[in-house]
Amino acid sequence: MSEFKQTFNSSLGKKLIMALTGLFLCTFLIVHLGGNLLLFKNDQGFAFNSYANFLTHFPPIEVIAYILYISIIVHAIYALVLTLKNRKARPVGYAVQTKSKASWSSKNMGLLGSILLLFIVIHMSDFWYVYKYDNVLKFKEYRTDLATNVTTVGEYIPATAEFERSISTENNVEIVRVKDIHARVQESFSKLWYVAFYVIAMGAVAFHLLHGFQSAFQTLGWVHKKYQPIVYFFGTWFFGVIIPLGFALMPVVYYFQSISK
């Protein structure tokens, strides 16, 4: 047990934990983007509101969510510890600066991580906290005729403050009543400063993952020249371009929709 503890208290152990939590967070980004793409459905928020309701009421998902929160905290703390340790080991810069092969993103992971941490705090307080603990959100009622598959939408006023959601069927009509987090998204993404910060944060995600994804594989020893092109492709194009671009498109599209009304 002491050897195990000593290993994970070492710099290598901390890097291993950062690599594992980082890859877990990469997996989360894929799932999260898939769910957020429901915002592009022209259904007055039905799919996205249902998705948000599912995330906050399905027990296995809630367990994974708490693992996610712990991973973010651990990843951030260990990154800070390693950064401070590296600076303490070399408090004074080299007298002669040689050209380094390290990329810009690898040299600025601390800055990129700080931007992302600030973004996560703002993002979660604006959506997750409001959805879970604040009673400012209104409710939407979606009535879907099961024979024609036509859905009508209206506001719903709960009878009690404890009401969160309901699904029922009356006269071959499915009635879904859920919190309208979609309206919150529309409101937030109508603010230019918020959209600008969101896009900047997604730029930070891109550069952070450009280095972080491939670095995680190297730290874990999962390197082989046969598979390096695959890791490079996913790290560069999928996590460095497609994922951040997908997230950045949402606030931009919603902002232009808000000013065109």
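## Two domains and where they meet

In this predicted model, the centres of domain 1 and domain 2, taken over C-alpha atoms, are 33 Å apart. The domain assignment puts domain 1 at 3-92 + 109-135 + 181-255 and domain 2 at 138-179. Where the two touch, domain 1 brings nine residues and domain 2 brings nine residues as well.

How much area do domain 1 and domain 2 bury between them? It comes to about 950 Å², with 49% of that on carbon and sulfur atoms. On the domain 1 side, Q44, F46 and H57 stand out: they supply 50% of the area that domain 1 buries against domain 2, more than any other three residues.

As for what links the two sides, the rule finds zero salt bridges across the interface of domain 1 and domain 2, but it does pick up six residue pairs in polar contact there. Helix α3 (residues 46-57) gives the most to the side of domain 1 that touches domain 2, with four residues.

Here is how the residues on that side of domain 1 divide up:

| Residue kind, domain 1 side | Count |
|---|---|
| nonpolar | three residues |
| polar | five residues |
| charged | one residue |

Now for a single residue, S71, which sits in helix α4 (residues 59-89). Is S71 buried or exposed? S71 counts as buried because its relative accessibility is 8%, and the cut-off for buried is under 20%. Leaving out residues up to four places away in sequence, S71 touches T21, F24 and L25.

How values were computed:
Residues are numbered from 1 along each chain as its sequence is written. This is a predicted model: local features need pLDDT of at least 70, side-chain atom pairs count only at pLDDT 80 or more; totals for chains, interfaces and linings use all residues. Side-chain values use heavy atoms; hydrogens and water are left out. Domain bounds come from an automatic or database domain assignment. Contact means heavy atoms within 4.5 Å. Buried area is the accessible area (1.4 Å probe) that two parts lose on being put together, summed over both. A salt bridge is a side-chain nitrogen of Lys or Arg within 4 Å of a carboxyl oxygen of Asp or Glu. A polar contact is a pair of N or O atoms within 3.5 Å; within protein, one must be able to donate a hydrogen and the other to accept it, and residues adjacent in sequence count only if both atoms are side-chain atoms. Helices (H or I, at least four residues) and strands (E, at least two) are DSSP runs, numbered from the N terminus. Ala, Val, Leu, Ile, Met, Phe, Trp, Tyr, Cys and Pro count as nonpolar, Asp, Glu, Lys and Arg as charged, and the others, Gly among them, as polar. Buried means under 20% relative accessible area, exposed over 50%, partly exposed in between (1.4 Å probe, protein chains only).
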